[in-house]
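Got your viewer open? Load the model shown here and keep the selection box handy, and we'll walk through it stop by stop.

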Amino acid sequence: MNWAEVFRNLKMPYTMERDAILRILESAAVPLSPREIHKMLPEPRASLTTVYRNLALMERMGIVRCVELRERFRRYKLVGKSGAHEHHVVCRNCGRIDTVQPDPCSLQPFLSDIHDRLGYQVLDHSLEFFGLCPMCK
Ligand SMILES: [Zn+2]
Ligand SMILES: [Zn+2]
């Protein structure tokens with residue numbers, strides 16, 4: 001996705017912080033918290049508040065998505081990153097996060113069921129799993 005163009009179309013400046021945040025999210029294997037993103041920003045670093053504000057803005061713009069993994073903070077990831085659909089697995093013991101990219105998503109039968117019973121065309125879903133990782137099991 002050409003992010004600069006998305007911002008330009010909305011008549012919003014594509015700042016260095018926004019570019020840096022999106023690049024960090026692009027190279028991340030798992031969703032990141034605002035604090036983690038902040039730590040990875042190049043110097044001179046924008047404030048943590050700026051990171052929060054930009055993430056909230058980019059979530060409203062539909063560029064990033066918030067992921068809730070039962071932590072005291074939210075994590076963020078890029079929408080449609082590398083075109084792959086992802087689910088996340090979190091270890092209840094050590095907090096390790098892994099990403100699975102089912103292709104196609106194994107929830108397809110549920111989506112058909114929702115369509116048949118309720119008439120919805122489901123556009124999107126998020127599903128997180130919690131368990132014990134190979135190290136903690
Ligand atoms: Zn673990
Ligand atoms: Zn899915």
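Here's a short tour, from the whole chain down to single residues.

**Stop 1: the whole chain.** Before selecting anything, bear in mind that this is a predicted model. Show the C-alpha trace and line it up on its principal axes: the span is about 50 × 40 × 25 Å. Now colour by secondary structure, and you should find five helices and five strands. Reading from the N terminus, the order of elements is α-α-α-α-β-β-β-β-α-β. If you colour by burial instead, buried residues come to 15% of the 137 in the chain. For the contact-map fans: take contacts with a separation of 6 or more, and 44% of them join residues 24 or more positions apart.

**Stop 2: the core.** Select I21, L25, L55, V64 and Y76. Which part do they play? Within the largest nonpolar core, a set of 13 residues, these are the ones with the most contacts. Next, highlight α2 (16-27), α4 (48-60) and β1 (64-67), since each of them supplies at least two residues of that core. The largest share is from α2, with four residues.

Stay here and centre on V64. What does V64 touch, leaving out residues up to four places away in sequence? Its partners are L25, L55, M58, E59, Y76, K77, L78 and V79. Two of the names on that list, L25 and L55, you have already selected as well-connected core members.

**Stop 3: the sheet.** Select 87-91, 97-100 and 128-131 and switch to cartoon. What you get is an open sheet of three strands, ordered β4-β3-β5, with mixed pairing. At the edges sit β4 (97-100) and β5 (128-131), each pairing on one side only. Looking from one strand to the next, the twist averages 25 degrees.

Now turn on backbone hydrogen bonds, since strands of a sheet pair through them, either parallel or antiparallel. Zoom in on β3 (residues 87-91) and β5: their pairing is parallel and runs over four bridges. To find a landmark in that pair, pick C91, which stands opposite G131 in β5.

**Stop 4: a loop residue.** Finally, select D124, in the loop between α5 (108-118) and β5. Is D124 buried or exposed? D124 counts as exposed, because it has 7 C-beta neighbours inside 10 Å, and the cut-off for exposed is 12 or fewer. For a last distance check, draw a line from the C-alpha of D124 to that of R75: the two are 18 Å apart in space and 49 residues apart in sequence.

Terms used. Residues numbered from 1 in each chain as written. Chains lettered and ligands numbered in written order. Predicted model: local features only at pLDDT ≥ 70, side-chain atom pairs only at ≥ 80, totals over all residues. Pairing = 2+ DSSP bridges. Axes fitted to C-alpha atoms, helices over the stretch in contact; angles between N-to-C directions. Buried ≥ 20, exposed ≤ 12 C-beta atoms within 10 Å, placed from the backbone. Contact = placed C-beta atoms within 7 Å. Core = buried A, V, L, I, M, F, W, Y, C linked by C-beta atoms within 7 Å.
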